[in-house]
Amino acid sequence: MATKTVDKAPITSALTDSDRDTTGKVLQGALLDLVDLHLVAKQAHWNVVGRFFRDVHLQLDELIDSARGFADDVAERSAAIGVSPDGRSATVSSGSGLPAFGAGWKSDREVIEYIVSALSELIKRMRARIDETDKSDLVTQDLLIGISHEMEKSHWMWQAQLAGS
Ligand SMILES: [Fe+2]
């Protein structure tokens with residue numbers, strides 16, 4: 001069967017080319033951070049040890065579920081505005097803005113500190129993206145605000161575990 005090539009721009013939207021390009025770049029950056037968060041949180045889920053193993057192990061799966069769901073929302077928003085989302089592993093590894101997470105077993109405290117720092121960085125980057133989409137696409141901005149709402153709530157809950165310990 002002959003391979004049929006796909007049009008360069010098969011999906012159209014109401015955005016101008018310039019607004020679509022700006023918004024597409026913002027969504028692509030958010031996608032890479034969220035896919036990386038889901039991968040690194042799984043790595044932590046498998047490698048955490050310590051007294052609070054069970055709590056941290058289970059709480060990581062909640063974070064993974066929300067990061068995966070948001071990555072899907074962001075990628076599909078990108079597709080909906082006509083920008084092909086790129087969630088390939090090589091693209092994630094070169095483009096994510098999250099801090100690195102070392103190999104090997106990690107104490108529960110090390111994991112919590114890492115997740116707090118990763119969420120803090122993610123939130124900073126998401127807030128910049130909210131500003132960037134203020135003029136280019138309010139629908140995407142609304143999605144990013146909703147994601148930031150949940151990520152900031154999660155950031156609070158992870159930080160609360162460090163307080164007083
Ligand atoms: Fe598991």
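Start by selecting Phe53: setting aside neighbours within four places in sequence, Phe53 is in contact with Val48 and Asp108. You are looking at a predicted model, so read each stop on this tour as a feature of that prediction.

**Stop 1: around Phe53**

Phe53 sits in helix H2. Is Phe53 buried, exposed or partly exposed? Colour by C-beta neighbours and you will find 13 of them inside 10 Å, which is why Phe53 counts as partly exposed. Now add Trp156 to the selection: Phe53 and Trp156 are 103 residues apart in sequence, and their C-alpha atoms are 19 Å apart in space.

**Stop 2: the whole chain**

Zoom out and switch to a cartoon. The secondary structure comes to 5 helices and 2 strands, and along the sequence they follow the pattern α-β-α-α-β-α-α. Along the principal axes, the C-alpha atoms fill a box of roughly 55 × 45 × 20 Å. Of the 165 residues in the chain, 33% are buried. If you draw a contact map, take the contacts between residues at least 6 apart in sequence: 78% of these join residues at least 24 apart.

**Stop 3: helix H2 end to end**

Select residues 53-80, which form H2. This helix has 28 residues and reaches 40 Å from its first C-alpha to its last, close to the 40 Å expected at 1.5 Å a residue. Show side chains for its buried residues, among them Val56, Leu60, Leu63, Phe70 and Val74. The list of buried residues in H2 also includes Gln59, Arg77 and Ser78. What lies over the buried residues of H2? The cover includes H1, strand E1 (48-49), helix H4 (108-136) and H5. Just after the helix, pick Gly82, whose phi is positive, near 95 degrees.

**Stop 4: H1 against H2**

Keep H2 on screen and add H1, residues 17-47. The two helices pack at an angle of about 160 degrees, with their axes 8 Å apart. That angle is over 145 degrees, which makes H1 roughly antiparallel to H2. H1 passes H2 in a left-handed crossing. By class, the residues of this contact are 16 nonpolar, 6 polar and 4 charged.

**Stop 5: H2 against H5**

Hide H1 and bring in H5, residues 138-160. Here the packing angle is about 170 degrees, and the axes are 11 Å apart. H2 and H5 are therefore roughly antiparallel to each other. To see the contact, select Leu63, Ser66, Phe70, Asp73 and Arg77 on H2, and Thr140, Leu143, Ile147, Glu150 and Ser154 on H5. These residues divide into 4 nonpolar, 3 polar and 3 charged.

Stay on H5 for a moment. Its 23 residues should span 33 Å at 1.5 Å a residue, and its end C-alpha atoms are 33 Å apart, so the two agree. Buried residues of H5 include Leu144, Ile147, Ser148, Met151 and Trp158, and their cover includes H1, H2 and H4.

**Stop 6: H1 against H4**

Bring H1 back and show H4 beside it. The axes of H1 and H4 come within 10 Å and cross at roughly 170 degrees, and H1 and H4 are therefore roughly antiparallel to each other. On the H1 side, the contact includes Val26, Gly29, Ala30, Asp33 and Leu37, while H4 contributes residues including Ile115, Ala118, Leu122, Met126 and Arg129. Colour by class and you will see 11 nonpolar, 5 polar and 5 charged residues.

Now measure H4 on its own: 29 residues should span 42 Å at 1.5 Å a residue, and the end C-alpha atoms are 41 Å apart, which agrees. Its buried residues include Asp108, Tyr114, Leu119, Leu122, Met126 and Arg129. The cover over the buried residues of H4 includes H1, E1, H2, strand E2 (106-107) and H5.

**Stop 7: Met126**

Finish by centring on Met126, which lies in H4. Why does Met126 count as buried? Met126 has 23 C-beta neighbours inside 10 Å, so it counts as buried. Beyond its neighbours within four places in sequence, which residues is Met126 in contact with? Select Ala30, Leu144, Ile147, Ser148 and Met151 to see them. Finally, draw a distance to Leu27: Met126 and Leu27 are 99 residues apart in sequence and 9.8 Å apart in space, C-alpha to C-alpha.

Notes: Residues are numbered from 1 along each chain as its sequence is written. This is a predicted model: local features need pLDDT of at least 70, side-chain atom pairs count only at pLDDT 80 or more; totals for chains, interfaces and linings use all residues. Axes are lines fitted to C-alpha atoms, for helices over the stretch in contact, and angles run from 0 to 180 degrees between N-to-C directions. Helices (H or I, at least four residues) and strands (E, at least two) are DSSP runs, numbered from the N terminus. Angles under 35 degrees count as roughly parallel, over 145 as roughly antiparallel, 65 to 115 as roughly perpendicular and the rest as oblique. A crossing is left-handed if the near helix is turned anticlockwise from the far one by less than a right angle, and right-handed if clockwise. Ala, Val, Leu, Ile, Met, Phe, Trp, Tyr, Cys and Pro count as nonpolar, Asp, Glu, Lys and Arg as charged, and the others, Gly among them, as polar. Two residues are in contact if their C-beta atoms, placed from the backbone, lie within 7 Å. The expected span of a helix is 1.5 Å times one less than its number of residues. A residue is buried if 20 or more other C-beta atoms lie within 10 Å of its own, exposed if 12 or fewer, and partly exposed in between; C-beta atoms are placed from the backbone.
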